[in-house]
Amino acid sequence: MKAVRRGSLAFTLRNISVNAAIGLELVRRCSSIACMNSNAIAGGCLCGSIRYEATGKPYNITHCHCLDCRRSSGAPFVKWASFSRSDFRFSTRQPRKLRWAGRLRSFCPDCGTPLTFLAGPDADEIDVTACSFDQPTALTPTDHTWVEDRLPWIRLADDLPTYRQRRQTHAA
Ligand SMILES: [Zn+2]
Ligand SMILES: [Zn+2]
C-alpha cells in the first residue's frame, strides 16, 4: 500500500509541474491526510469557498422529499448521505448554520449551496447533500424518504423502497 501511495503522490507532483493551474487545485483539495485515503469522499459548494472531506463509509443514502429539504434547496427533493460525525470535517472555513424546526442545516454563506443536516447540535451523525460530492455518481440511493410530501408530478420509477416519513433503521 505504501508503494501505491507514493506512486500516486509522484503522479500528483508530476501533474503540478505539467500544469500549474491543475496542480494548485490538487494541492488545495489534497492538502490533508484524509485526502490521501482512497476511501475519502470530498465535496463542496458551487463557488468553492466551502470544501469538506469524509473518511468513513456513508450510509442511509436517500432521496428526501420532505418540505423542509425542498424549500431549503429549491429542488423537488434532496439526495442525502449520512456519515458518523467524527468522520466528517470542513476542510476550509465553516459554513453558515441555520437552525430550523429544531434541526441544524448548513449552507455556503457566499453561494447558498445546501451542505449538511444535523438532527440536533449533539447528533452522532451528519447528513451531507450527496450531489455536492465531487463524485456524486459514486453512491447509489437506496430509498426515498418522506414521500408523504412528494410533489405529485414527481413519478418514482426506480423501484427503490419508499417511506412515508423517515426510515427507522440504517440502510447501507
Ligand atoms: Zn459557495
Ligand atoms: Zn428532508
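The following paragraphs describe the zinc site, a buried histidine and the nonpolar cores of a predicted model.

In the predicted model, the zinc ion (ligand 1) is held by the SG atoms of four cysteines, C45, C47, C108 and C111, at distances of 2.2 to 2.4 Å. The angles subtended by these four donor atoms run from 105 to 112 degrees, and the arrangement is therefore tetrahedral. For comparison, the ideal angle for four tetrahedral donors is 109.5 degrees. Along the sequence, the donor residues follow the spacing C-x1-C-x60-C-x2-C. C47 is located in the loop between strand 1 (41-44) and strand 2 (51-54), whereas C108 is located in the loop between strand 7 (103-107) and strand 8 (114-118); the pair therefore ties together parts that are 61 residues apart in sequence. With regard to solvent, C47 has a relative accessibility of 43% and is classed as partly exposed. C108, by contrast, is buried, because its relative accessibility of 3% falls under the 20% cut-off.

Attention was next given to H144, which is situated in strand 10 (residues 143-145). This histidine is buried, its relative accessible area being 1%. A polar contact of 2.9 Å joins the side chain of H144 to the side chain of H65. When residues up to four places away in sequence are not counted, H144 touches T62, H63 and H65, together with L156, D158, L160, P161, T162 and Y163.

The largest nonpolar core comprises 20 residues, and those with the most contacts inside it are Y52, A81, F83, F88 and F133. At least two residues of this core are supplied by each of strand 2, strand 4 (78-84), strand 5 (88-90), strand 8 and strand 9 (125-129). The surroundings of F133 were examined individually: with residues up to four places away in sequence not counted, F133 touches I41, A42 and G43, as well as Y52, A81, F83, V128 and L139. Of these neighbours, Y52, A81 and F83 are also listed among the residues with the most contacts inside the core.

A second core, separate from the largest one, consists of six residues, including C66, C69, W80 and F117. Within this core, C69 is buried, with a relative accessible area of 2%. Although cysteines are found both at the zinc ion (ligand 1) and in the second core, a search of the whole structure finds zero disulfides.

Terms used. Residues are numbered from 1 along each chain as its sequence is written. Chains are lettered from A and ligands numbered from 1 in the order in which they are written. This is a predicted model: local features need pLDDT of at least 70, side-chain atom pairs count only at pLDDT 80 or more; totals for chains, interfaces and linings use all residues. Side-chain values use heavy atoms; hydrogens and water are left out. Donors are N, O and S atoms within 2.8 Å of the metal (3.2 Å for Na, K and Ca); water is not among the atoms, so sites may look incomplete. Four donors count as tetrahedral if all angles lie between 85 and 135 degrees; four count as square planar and six as octahedral if opposite donors are over 155 degrees apart and all others between 65 and 115; anything else is irregular. Helices (H or I, at least four residues) and strands (E, at least two) are DSSP runs, numbered from the N terminus. Buried means under 20% relative accessible area, exposed over 50%, partly exposed in between (1.4 Å probe, protein chains only). A polar contact is a pair of N or O atoms within 3.5 Å; within protein, one must be able to donate a hydrogen and the other to accept it, and residues adjacent in sequence count only if both atoms are side-chain atoms. Contact means heavy atoms within 4.5 Å. A nonpolar core is a set of buried Ala, Val, Leu, Ile, Met, Phe, Trp, Tyr and Cys residues joined through side-chain atoms within 4.5 Å. A disulfide is a pair of cysteine sulfur atoms within 2.5 Å.
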